[in-house]
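Reader: I am new to this structure. Please take me through the terms used for it and the grounds for each.

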Amino acid sequence: HLSKRLQAVSDHVESGSRLADIGSDHAYLPIYLAKNHIISYGVVGEVAKGPLSNAISEIKKAALLAILQPRLADGLAAIQPNDNINVITIAGMGGNLIRHILEAGRAKLTGTEKLILQPNVGEDTVRRWLMTNAYQIKAEQILAEDGHIYEIITAVKVPQKVSYTEKELKFGPFLIREKSPVFIEKWQEEVRLLERVISNMQKASHKNTQKINLISDEIQIIKGVISRES
Ligand code: SAM
């Protein structure tokens, strides 16, 4: 039984896929997908020995060693050409780390893989990397679980770069149109946080007016997005 977050990630994996789950930790996601016959093959990549040995024992327990290949590797180095991977999942880490893994592993990407990315923070960094590298965002999802709000971004390589506006990069091209209750909640929380930052900055003896103005502008942008109907 998966967490709501990993369940949502798994929902984007099409039946018959060959998956590489990078930074798999306990391998719950690939195990779930293999057990349910959604993937026919999976690479379980981990950079750290502790998590990899957890993954190996979970895979053994589930008797899935014939389908799931645990590999100790940094990022996309876990993938070999004859794995014929067509879906890559990278979940549960910061956007900067996801961007770094993709950037460092560019040579491993054939351009035919669907990327399913679930950054815990820094979603804009991930979207910017996708745009720069000619990926098109195909779907996005936002969900709340245990007091956290998570975003999932799926993308595929396209022949021509797609350009996204600054707002789309920050809020998500699909999420900003959908404006779901969880999306509104996320950005209302961000507004409250930024307002606290400003009020603390106002109390300081040496006010950084420039910074205060920048944050105020950001608050106005967010408020514009979550208040408008369009
Ligand atoms: N993907 C799982 C999930 O979403 O529940 C586990 C997330 S866990 C918080 C992040 C994992 O990524 C850790 O086990 C860590 O060792 C691994 N990791 C971090 N950097 C990595 C890298 N460059 N290559 C492979 N794995 C990495």
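**Ligand shell and sheet**

Author: In this predicted model, 17 residues surround the ligand, and the closest are G23, D25, V47, A91 and G92. Two or more residues of this shell come from each of β2 (39-46), β4 (87-93) and α4 (95-104).

Reader: What makes a residue count as near the ligand?

Author: The C-beta atom, placed from the backbone, must lie within 6 Å of the molecule. The 17 residues make up the shell on that basis.

Reader: Which element gives the most to the shell?

Author: Strand β4 does, with three residues. By class, the shell has nine nonpolar, five polar and three charged residues.

Reader: How do you know that β1 and β4 pair?

Author: Pairing needs at least two bridges between two strands. Four bridges join β1 (residues 17-22) to β4, so the two strands count as paired. They run parallel, and L19 stands opposite V87 in β4.

Reader: What is the strand order of the sheet?

Author: The open sheet has seven strands in the order β3-β2-β1-β4-β5-β7-β6, with mixed pairing.

Reader: Why are β3 and β6 said to stand at the edges?

Author: Each has a single partner strand, so one side of β3 (68-72) and one side of β6 (135-145) are left without a neighbour in the sheet. From one strand to the next, the twist averages 15 degrees.

Reader: Which strands does helix α5 lie across?

Author: Helix α5 (residues 123-132) lies across β5 (114-119), β6 and β7 (148-157), and runs at about 5 degrees to β7. Helix α8 (residues 181-203) lies across β6 and β7, at about 80 degrees to β6.

Conventions. Residues are numbered from 1 along each chain as its sequence is written. This is a predicted model: local features need pLDDT of at least 70, side-chain atom pairs count only at pLDDT 80 or more; totals for chains, interfaces and linings use all residues. Ala, Val, Leu, Ile, Met, Phe, Trp, Tyr, Cys and Pro count as nonpolar, Asp, Glu, Lys and Arg as charged, and the others, Gly among them, as polar. Axes are lines fitted to C-alpha atoms, for helices over the stretch in contact, and angles run from 0 to 180 degrees between N-to-C directions. Two residues are in contact if their C-beta atoms, placed from the backbone, lie within 7 Å.
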